[in-house]
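Colleague: I would like to go through this model one point at a time. Please give the reasoning before each result.

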Amino acid sequence: MSTLTVGEVARESGVSGSAVRFYERQGLIAAARTSGNQRRFDSDAACRIRVARVAQRVGLTVNEIRDLLAVLPSDPELADWQGLHDRLTAEAERRIRELHAALDDIRSGRRLCDL
């Protein structure tokens with residue numbers, strides 16, 4: 001399995017190097033260290049970051065994203081990514097339903113403090 005530098009992960013995921021290090025500190029991706037103490041990431045690190053960014057847009061917290069990614073094995077296959085896709089889709093749809101219900105309450109004509 002090939003490994004990637006911080007810069008390579010940043011380019012492939014569309015984030016800055018500091019964001020790559022943030023995601024590592026938060027436990028969303030993991031790095032090994034070379035003998036020169038440089039970080040090296042697995043080839044799926046950029047994909048995990050892109051998934052994390054989508055999950056952030058859905059409204060998940062870093063802890064929720066960590067839990068979501070934790071179910072992936074160290075060398076995920078297509079079926080693993082599909083399962084993650086399905087869980088994230090279901091969560092997004094659940095949140096949309098909740099937002100629609102809140103919007104219905106707001107539009108009900110009742111005083112907001114009575115909702």
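Colleague: Which residues does arginine 95 touch, not counting residues up to four places away in sequence?

Modeller: The model is a predicted one. Arginine 95 is found in helix α5. With residues up to four places away in sequence not counted, the residues that arginine 95 touches are Val58, Gly59, Leu60 and Glu64.

Colleague: Is arginine 95 buried or exposed?

Modeller: The relative accessible area of arginine 95 is 16%. The limit for a buried residue is under 20%, so arginine 95 counts as buried.

Colleague: How far apart are the N and O atoms in the salt bridge of glutamate 91 and arginine 94?

Modeller: Glutamate 91 and arginine 94 are three residues apart in helix α5, so about one helical turn separates them. Arginine 94 is partly exposed, at 31% relative accessibility. The side chains of the two residues meet in a salt bridge, with an N to O distance of 2.5 Å.

Colleague: What is the N to O distance between aspartate 114 and arginine 111?

Modeller: Aspartate 114 is partly exposed, with a relative accessible area of 47%. Arginine 111 counts as exposed, at 54% relative accessibility. Their side chains meet in a salt bridge, and the distance from N to O is 3.1 Å.

Colleague: Which residues are joined into one network by salt bridges that share partners?

Modeller: Salt bridges that share partners link five names into one network. These residues are Glu64, Glu91, Arg94, Arg95 and Glu98.

Colleague: How many salt bridges does the structure hold?

Modeller: The bridge between glutamate 91 and arginine 94 is one, and the bridge between aspartate 114 and arginine 111 is another. For the structure, the number of salt bridges is seven.

Colleague: Where in the chain are arginine 39 and glutamate 24, which form a salt bridge?

Modeller: The closest N and O atoms of arginine 39 and glutamate 24 are 2.5 Å apart. This pair links distant parts of the chain, with the two positions 15 residues apart in numbering: arginine 39 is in strand β3 and glutamate 24 is in helix α2.

Colleague: Which of the two, arginine 39 or glutamate 24, counts as buried?

Modeller: Arginine 39 has a relative accessible area of 24%, so it is partly exposed. The relative accessible area of the other partner is 19%. Buried means under 20%, so the buried residue is glutamate 24.

Colleague: What does glutamate 24 touch, leaving out residues up to four places away in sequence?

Modeller: Glutamate 24 lies in helix α2, residues 17–25. Its side chain makes a polar contact of 2.5 Å with the side chain of arginine 39. Not counting residues up to four places away in sequence, glutamate 24 touches Ile29, Ala31, Arg39 and Phe41.

Colleague: Why is one side of β1 and of β2 left without a neighbour in the sheet?

Modeller: Three strands form an open, antiparallel sheet in the order β1-β3-β2. β1 (3–4) and β2 (31–33) each have a single partner strand, so one side of each has no neighbour in the sheet; the reason is that both stand at the edges.

Colleague: Which residue in β3 stands opposite leucine 4?

Modeller: β1 and strand β3 (residues 39–42) run antiparallel and are joined by two bridges. Opposite leucine 4 in this pairing stands phenylalanine 41.

Colleague: What is the phi of asparagine 37?

Modeller: Asparagine 37 is found in the loop between β2 and β3. At 52% relative accessibility, asparagine 37 counts as exposed. Its phi is positive, in a residue other than glycine, and is near 65°.

Colleague: How far is the backbone oxygen of proline 73 from a polar atom of the side chain of arginine 48?

Modeller: Arginine 48 has its place in helix α3, residues 45–58, and counts as buried at 11% relative accessibility. Leaving aside neighbours within four places in sequence, its contacts include Leu28, Trp81 and Pro73. The backbone oxygen of proline 73 lies from that side-chain polar atom at 3.2 Å.

Colleague: Which residues make the nonpolar surface patch of about 370 Å²?

Modeller: One member, isoleucine 106, lies in helix α5, residues 78–107. The patch is made by Leu103, Ile106, Leu112 and Leu115.

Definitions and conventions
Residues numbered from 1 in each chain as written. Predicted model: local features only at pLDDT ≥ 70, side-chain atom pairs only at ≥ 80, totals over all residues. Heavy atoms only, no water. Pairing = 2+ DSSP bridges. Helix = DSSP H or I, 4+ residues; strand = E, 2+ residues; numbered from the N terminus. Buried < 20%, exposed > 50% of the residue type's maximum accessible area, 1.4 Å probe, protein only. Contact = heavy atoms within 4.5 Å. Polar contact = N/O pair within 3.5 Å; in protein donor to acceptor, adjacent residues only side chain to side chain. Patch = residues over 30% accessible without salt bridge, like charges linked within 9 Å, V, L, I, M, F, W, Y side chains within 5 Å. Areas by Shrake-Rupley, 256 points an atom, 1.4 Å probe, with all protein chains shown as cover. Salt bridge = Lys/Arg side-chain N within 4 Å of Asp/Glu carboxyl O.
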